[in-house]
Amino acid sequence: MKKVGILSLGRYLPVQVLTNQDIEKIVDTSDEWIVSRTGIKERRISADGEKTSDMAIAAAKDALKNSVIKAEDIEAIFVATVTPDSNFPSVACLVQRAIGAKKAFAYDIGAACSGFLYALTTAKQFISSGMVQNAMVIASDRFTSIIDWKNRNTCVLFGDGAGAAVLGPVQDGGMLADYMISNGEGSDLMGVMADKVRSPFNSSIETAKLPFVTMNGQELFKHAVPGMAEALALAVKKAGLALDDIKCVVPHQANDRIIASVAKRAGIDKERFFINIDKYGNISAASVVVALCEAVEVGRIKKGDKIALVVFGAGLVAAANIIEWSY
Ligand code: ACO
């Protein structure tokens, strides 16, 4: 089996910033409540007409800028998203067309906030088995399009954005261990339950639910903390490492209090977690890759460092990856 690593990263965040003060004008909330309960100060909002695929394409191009692998040589494209432009075609095929990756096969992966790591591990398996030489892994989500902007329980939490990684074989290090786990028993805790209202053959009003994100925040919080702490511990163990070997943990950015609780439960100083939730809120699948990209850019992650990525999302879905950084 070949060793596989991340060769380059890219990201795209929409220009428009929506601050907590802006949201105070829309719903009954306050900057103080949002910051103290979540750590979020502002988030990005996609421009009028800007779609999930537009953000995915911009992130892909950013990752290709720094990549030794050119678009025409990419052999697989995976896009993690739960907010595709439409049910089909896939966002991945739209990216393929836009970047001219004619050799690639392309499809989307839906695993909510864990989508990027689910796609990363999928891509790694394709490369290490020898089926493809390289892959582009993208996460792009536009949650502001599925949020009820009259509901303060959810509208303060999310933003839009995308991140991308080019994966290929590496001599040393790379992706050391992967862990993924799902718990469908918790499927009702969060989702967008829209499809049933669209069928003329379904007369049951009771089955029709609002086509916005519904979320049981407190219950999700209770699952997210042990879910992430356990995924992290198991992935570190699988890599044959100790928690002290991990230089930086890049977590899904859903809530600063979740990250603090995970750090405490896992027994890792919170200082070793990279956190940027204050700037972007929860950008679903894109959160962890945007954070990873920024952590590398500001020098929190350097060549040879062993790092952990850990995520949790609706489904319920959790994952962690241990990586020895390659550049
Ligand atoms: N502004 C002011 N007050 C608010 C707001 C708001 N924006 N939202 C809720 N409140 C009120 C509530 O109405 C409630 O008032 P009450 O006590 O009078 O009833 C009070 O604040 C407390 O509400 P809680 O829901 O108990 O607040 P909590 O501390 O649990 O924080 C939050 C809510 C931020 C949603 C938290 O539960 C959370 O982060 N949950 C996890 C979210 C998550 O991880 N989602 C999954 C990942 S996302 C994905 O998969 C795509």
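**Figure 1. Helices that supply the shell around the ligand.** Four helices, α2 (31-38), α6 (152-155), α7 (217-238) and α8 (256-266), each supply at least two residues of the shell around the ligand. The model shown here and in the other views is predicted. Helix α7 gives the most to this shell, with four residues. Sorted by class, the shell holds 13 nonpolar, nine polar and four charged residues.

**Figure 2. Residues and polar atoms around the ligand.** There are 26 residues around the ligand, and those that come nearest are T29, R37, C113, Q218 and N255. In the side chain of R37, an N or O atom is 2.5 Å from an oxygen atom of the ligand. The backbone also takes part: an N or O atom of the A314 backbone lies 2.7 Å from a ligand oxygen atom. A nitrogen atom of the ligand lies 3.5 Å from a polar side-chain atom of N153. The ligand taken alone exposes 1000 Å², and the protein buries 76% of that area.

**Figure 3. Surroundings of R43 in strand β3.** R43 lies in strand β3, which spans residues 42-45. The residue is buried but has no salt bridge. D22 is the nearest side chain of opposite charge, at 6.9 Å; a salt bridge would require a side-chain nitrogen of Arg within 4 Å of a carboxyl oxygen, so the pair does not qualify. The side chain of R43 instead has polar partners of other kinds. One of them is the side chain of N20, with a polar contact at 2.9 Å. Another is the backbone oxygen of V156, which the R43 side chain reaches at 2.7 Å.

**Figure 4. A58 in helix α3.** Helix α3 covers residues 52-65 and includes A58. A58 counts as partly exposed because its relative accessibility is 26%, a value that falls between the 20% limit for buried and the 50% limit for exposed. V17 is 41 residues from A58 along the chain, and the C-alpha atoms of the two are separated by 18 Å.

**Figure 5. L176 in strand β8.** L176 is found in strand β8, made up of residues 174-182. With a relative accessible area of 31%, L176 is partly exposed. Between the C-alpha atoms of L176 and E297 the separation is 22 Å, and the two residues are 121 residues apart along the chain.

Notes:
Residues are numbered from 1 along each chain as its sequence is written. This is a predicted model: local features need pLDDT of at least 70, side-chain atom pairs count only at pLDDT 80 or more; totals for chains, interfaces and linings use all residues. Side-chain values use heavy atoms; hydrogens and water are left out. Buried means under 20% relative accessible area, exposed over 50%, partly exposed in between (1.4 Å probe, protein chains only). Lys and Arg count as positive and Asp and Glu as negative; His and the chain ends are not counted. A polar contact is a pair of N or O atoms within 3.5 Å; within protein, one must be able to donate a hydrogen and the other to accept it, and residues adjacent in sequence count only if both atoms are side-chain atoms. A residue is near a molecule or strand if one of its heavy atoms lies within 4 Å of it. Accessible areas come from the Shrake-Rupley method with a 1.4 Å probe; for residues, only the protein chains shown count as cover. Ala, Val, Leu, Ile, Met, Phe, Trp, Tyr, Cys and Pro count as nonpolar, Asp, Glu, Lys and Arg as charged, and the others, Gly among them, as polar.
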